[in-house]
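Visitor: Could you take me through one part of this model up close? I'm after the charged side chains and the pieces of chain around them.

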Amino acid sequence: MATMAGRLRSGLPFLTRVLRSDSPSTAQQSLLRPTFASRSEFLRNYATPSGPKIEKKIKVPLVLFGGSGNYASALYLAAVKANALDTVESEILDIVEASKKSITFFQFMKDPSVPSRTRVKAMQEISSEAKFSDVTTNFLAVLAEKGRLKFLESIAKRFVELTMAHKGIVQAIVTTVIPLPPEEEKEIKETLQDIIGHGKNVKLEQKIDPSILGGIVVEFGQKVFDMSIKTRAQQMERFLREPANL
C-alpha cells in the first residue's frame, strides 16, 4: 500500500503541469484520439443493465441505483471478469485517498472547466505512474472523459458495498454518543450475526454522533433500528401535539 501511495504521489507533479498548460499539444491529441472508442466501449460492455454476454455469467450482488451506483456496478463487472476485484478495490481507494491529500488533485477532479482530453491524459499518466491495472486505468479514463471524476469518492463507496457483498460481508454502522465498550460491541455484533444467519460475516463500524443525545442507532443492509433519545423525544413531541380524544 505504501509503495502504491508513493507511486501516486510521483504522478501528481505531472498533473500540476497539465493544469498550467492552456490545451493539449498536437502530439497529446493524437495520442488521446484512439482511446475514446475503447472508453465508450467499456461503458457499453459493463455499465448497461441489458448488456449482452457478461450479464448472463456475472451479476452484481446488490442492486444499486443512481449514477454512482451504475458506475460502481460497471466497475464491479469489469473487475470480476478480469479476476482483479481485490486489486481494483485497492487501487480505487488509493486514488480517492490521494485526492484527499492533494489540493491540486482534488481541485482538478472537481473543476468542470478542464478540457476532457486534458483530464483523460492526466489520469492516464497518473495510472501509469501508479502501475494501476488495465481495469482501473480504463475506468478512470471513462470518468475523466465523461466529466465524472468529481463523483469518484461516491462511486468508490458504492463499489466497496459490492465487493463486501461479493465476499459475504455485511457492514453494520452503530451510532452512539460515546464509543461502545468492547463487550457491548461484541454483543451487538453477535446479535446481528444471528439475524443475518450463517454464510455471511458482520463488519461493525462505530460512529460517534452527539446529536442523537443518547441511545443507539444501528444500520445494516436496508434496515435501520433507531433507538436514540433524539428520535424518542421527537416521537413524544408529535404524540403530545396530537389532539386528545376524550
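**Charges around a buried helix**

Guide: Let's start at Arg148, which is partly exposed, with a relative accessible area of 34%. Keep in mind that this is a predicted model. Arg148 sits in the loop that runs from helix H9 (134–146) to helix H10 (152–166). Together with Lys110, Lys146 and Lys150, Arg148 makes up a positive surface patch.

Now step back into H9 itself. Of its 13 residues, 10 are buried, so H9 is largely enclosed by the rest of the structure. Among the buried ones are Val135, Phe139, Leu140, Val142 and Leu143, and Glu145 is on that list too. The length of H9 checks out: at 1.5 Å a residue it should span 18 Å, and its end C-alpha atoms are indeed 18 Å apart.

Both flanks of H9 have a backbone detail to look at. Just after the helix, Gly147 takes a positive phi of about 70 degrees. On the other side, Lys131 lies in the loop between helix H8 (116–130) and H9. Lys131 also has a positive phi, about 60 degrees, although it is not a glycine. Its relative accessible area is 55%, so Lys131 counts as exposed.

Next, follow the chain on into H10 and look for pairs. Side chains of opposite charge can pair when their charged atoms come close. The structure holds 5 salt bridges, and here are some of them. Within H10, Arg158 forms a salt bridge with Glu161, with 3.3 Å between the closest N and O atoms. These two are 3 residues apart in the helix, so about one helical turn separates Arg158 from Glu161. Arg158 is partly exposed at 22% relative accessible area, and Glu161 is partly exposed as well, at 32%.

H10 also reaches out to another helix. Glu153 forms a salt bridge with Lys100, the closest N and O atoms being 3.4 Å apart. That pair links distant parts of the chain, since Lys100 belongs to helix H6 and Glu153 to helix H10, 53 residues apart. Lys100 is exposed at 52% relative accessibility, while Glu153 is partly exposed at 35%.

H6 has another contact of this kind. The side chains of Glu89 and Lys167 meet in a salt bridge at 3.3 Å, N to O. Glu89 is in H6 (residues 85–101) and Lys167 is in the loop between H10 and strand E1 (169–176), so the pair ties together parts that are 78 residues apart in sequence. Here the partners sit in different settings: Glu89 counts as buried at 13% relative accessibility, and Lys167 counts as partly exposed at 41%. Asp86 comes in as well, because salt bridges that share partners join Asp86, Glu89 and Lys167 into one network.

For contrast, move along to helix H11 (residues 182–196), where Glu184 has its place. A negative surface patch is formed there by Glu184 with Glu183, Glu187, Glu190 and Asp194. Glu184 is partly exposed, with a relative accessible area of 38%.

One last stop is Leu213, in the loop between strand E2 (201–208) and strand E3 (215–220). Leu213 has a positive phi near 75 degrees, in a residue other than glycine, and it is exposed, with a relative accessible area of 56%.

Methods. Residues numbered from 1 in each chain as written. Predicted model: local features only at pLDDT ≥ 70, side-chain atom pairs only at ≥ 80, totals over all residues. Heavy atoms only, no water. Patch = residues over 30% accessible without salt bridge, like charges linked within 9 Å, V, L, I, M, F, W, Y side chains within 5 Å. Areas by Shrake-Rupley, 256 points an atom, 1.4 Å probe, with all protein chains shown as cover. Salt bridge = Lys/Arg side-chain N within 4 Å of Asp/Glu carboxyl O. Lys, Arg positive; Asp, Glu negative; His and termini not counted. Charge placed at Lys NZ, Arg CZ, Asp CG, Glu CD. Helix = DSSP H or I, 4+ residues; strand = E, 2+ residues; numbered from the N terminus. Buried < 20%, exposed > 50% of the residue type's maximum accessible area, 1.4 Å probe, protein only. Expected span 1.5 Å × (residues − 1).
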